[in-house]
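Hi,

Here is the structure I said I would pass on. Have a look at it first, and my notes on what turned up follow below.

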Amino acid sequence: DITPQITNIRIQISDLKQKDGNGVLSAAKHIKRYREWYVYRKPETQKDGTIIPAAWLPEVCVPVGGAFPDAFSIPDRNNFPNEKTQVSNQSFFIDAYIPKDAPAGVWNATITVSADGLDKPVELNLVINVADMELPATCSWPVEMNCYTWVAGPYGNAHIRSDSQRCIEIERRYYQLAHEHRCTLNIVPYSQNGVSYVATLPHLTGNDETLRLDERGSKDFDGRYGPLLDGRAFSEAYGYYGPGMNKPISHFYLPFNENWPVEIAPHYSDFRVLKTRPDLAEWAKTSRIEDAFSNAYKQSTINVVSDLMKHISERKWNATRFQFFLNNKYYFKVPMFSETAGSGNGTSFWLLDEPVDYDDFEANRFFMQLYRDGVALSGVKDVNVDYRVDISNPWMNRGVIDNIDLWNSSFLSM
């Protein structure tokens, strides 16, 4: 432990300068600084007697400078409020963005470290060898940061209804952060209890039997996602400078699921309220899934898919792949693995994500076929669509599904 603290530590980076030329890359535009934030792991004794000691583990990189403090201390009293559980090190990251038109060769900068108590600042030489090659603006294969909740609430302490614009700005910063590191943030826009997040949905008009997309009321959807889908969110006008400038996100979850755009309960003849595992075990369907769903459910789903495809085509969002993906499981309908997991509010009677049994694959096939029929009805040819199933054991498909474009499987099952 360090007593007392080292305080007012500042790490500054000069502009990058070309060694054999006059090129300059400003630090303000091309350099970002981060320090790691640590979380405490409690000591643990495993069943075999192995003792895992307590430790402070680096968790996230917190920006330095800009809207965040430019100076920090070791130990940081904010990160380590208990003086008996402090660490005496601090990891620090420097991101340097080298634009694709920067000449190849050696580039230099100076890193200056200062702190209270140092006689004079310490200088370090930073040398970057820029290769004679150019990374493409878009990745040839997607790198996804899958997310199961909208980020502005849990991570930004903002509420979409009371402060919608702030929520959108926070969310957009997360998309930019992923884009900056050549990834795509992909957020499932609904929960296991069948609730679709209102602010993520296109507006609809009509009743269950006549649902259509309401073009006039879809400005909220367009305002939230349009800049991500046409590339504006990744432009300097939106505060972004880095890889993939002006390029849209590579792929995007569509909001369709078993409970949207039409609620499942009134339209599925085998729907039952299940509260316990015995309830689920005793539940039995009475007919094939095609026959168990009402014609209104099927036709309205097809119509809304068709309308949304036309909407996407009209907006010319044709560089992003739009994914039909079903995430819900019956684990959330009844407590399966503990008494607290599942509350009876889940809307899926199947394992649509990570399917295992015949019924799970059959349900995926049924819903995906509705979506395919909707795309076909739209007649559009310039919208990129994937029908996605995330599955741990692809051989358990048993030939049921032949209408899937994108299988996501675990490495161990391949």
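**Pockets first**

The lining of the largest pocket draws at least two residues from each of β1, α1 (27–30), β4, β7, β9 (92–96), β12 (144–147) and α3 (164–180). Keep in mind as you read on that this is a predicted model. Of those elements, α3 gives the largest share of the lining, with seven residues.

As for volume, the largest pocket holds about 1500 Å³ of space. Its lining runs to 40 residues, and K32, Y34, P63, L177 and E180 are the closest to the centre. If you sort that lining by class, you get 25 nonpolar, eight polar and seven charged residues.

The second largest pocket comes out at about 720 Å³. Here 28 residues form the lining, and those nearest the centre are Y97, I98, P99, K100 and P243. Two or more residues each come from α1, β4 and β9. The class split for this second lining is 16 nonpolar, three polar and nine charged.

**Around C61**

You may want to look at the cysteine in strand β7 (residues 55–64), C61. Is C61 buried or exposed? Neither label quite fits: its relative accessibility is 36%, so C61 counts as partly exposed. Leaving out neighbours within four places in sequence, C61 touches Y34, R35, E36 and F93. Y34 sits 27 residues away from C61 in sequence, yet their C-alpha atoms are 5.5 Å apart. Y34 is also one of the residues closest to the centre of the largest pocket.

**Salt bridges**

The count of salt bridges comes to 22. A few of them are worth going through.

D70 turns up in two. One is with R10, at 3.4 Å from N to O. R10 belongs to strand β1 (residues 6–13) while D70 is in the loop between β7 and β8 (72–74), so this pair ties together parts 60 residues apart in sequence. R10 is partly exposed at 31% relative accessibility, and D70 is partly exposed as well, at 23%.

The other partner of D70 is R33, with the closest N and O atoms 2.7 Å apart. R33 lies in strand β4 (residues 31–41) and D70 in that loop between β7 and β8, so the bridge ties together parts 37 residues apart in sequence. R33 has a relative accessible area of 14%, which makes it buried.

Further along the chain, the side chains of D386 and R321 form a salt bridge at 2.8 Å, N to O. Because D386 is in strand β18 (residues 384–391) and R321 in strand β17 (residues 321–325), the pair links parts that are 65 residues apart in sequence. D386 is buried at 10% relative accessibility, whereas R321, at 35%, is partly exposed. There is a network too: R288, E290, E362 and R365 are joined into one by salt bridges that share partners.

**And a histidine**

Last, H311, which you will find in helix α7 (residues 295–314). With a relative accessibility of 1%, H311 counts as buried. Which side chain does H311 meet in a polar contact of 2.8 Å? That would be D222. Beyond its neighbours within four places in sequence, H311 is in contact with L213, E215, S218, D222 and W317.

Cheers

Technical notes. Residues numbered from 1 in each chain as written. Predicted model: local features only at pLDDT ≥ 70, side-chain atom pairs only at ≥ 80, totals over all residues. Heavy atoms only, no water. Helix = DSSP H or I, 4+ residues; strand = E, 2+ residues; numbered from the N terminus. Buried < 20%, exposed > 50% of the residue type's maximum accessible area, 1.4 Å probe, protein only. Contact = heavy atoms within 4.5 Å. Salt bridge = Lys/Arg side-chain N within 4 Å of Asp/Glu carboxyl O. Polar contact = N/O pair within 3.5 Å; in protein donor to acceptor, adjacent residues only side chain to side chain. 1 Å grid on protein atoms, 1.4 Å probe; cavity = no way out; pocket = protein on both sides within 12 Å on 5 of 7 lines; lining within 4 Å. Points joined across faces, edges and corners; volume = space filled by probe spheres on them. Nonpolar A, V, L, I, M, F, W, Y, C, P; charged D, E, K, R; others polar.
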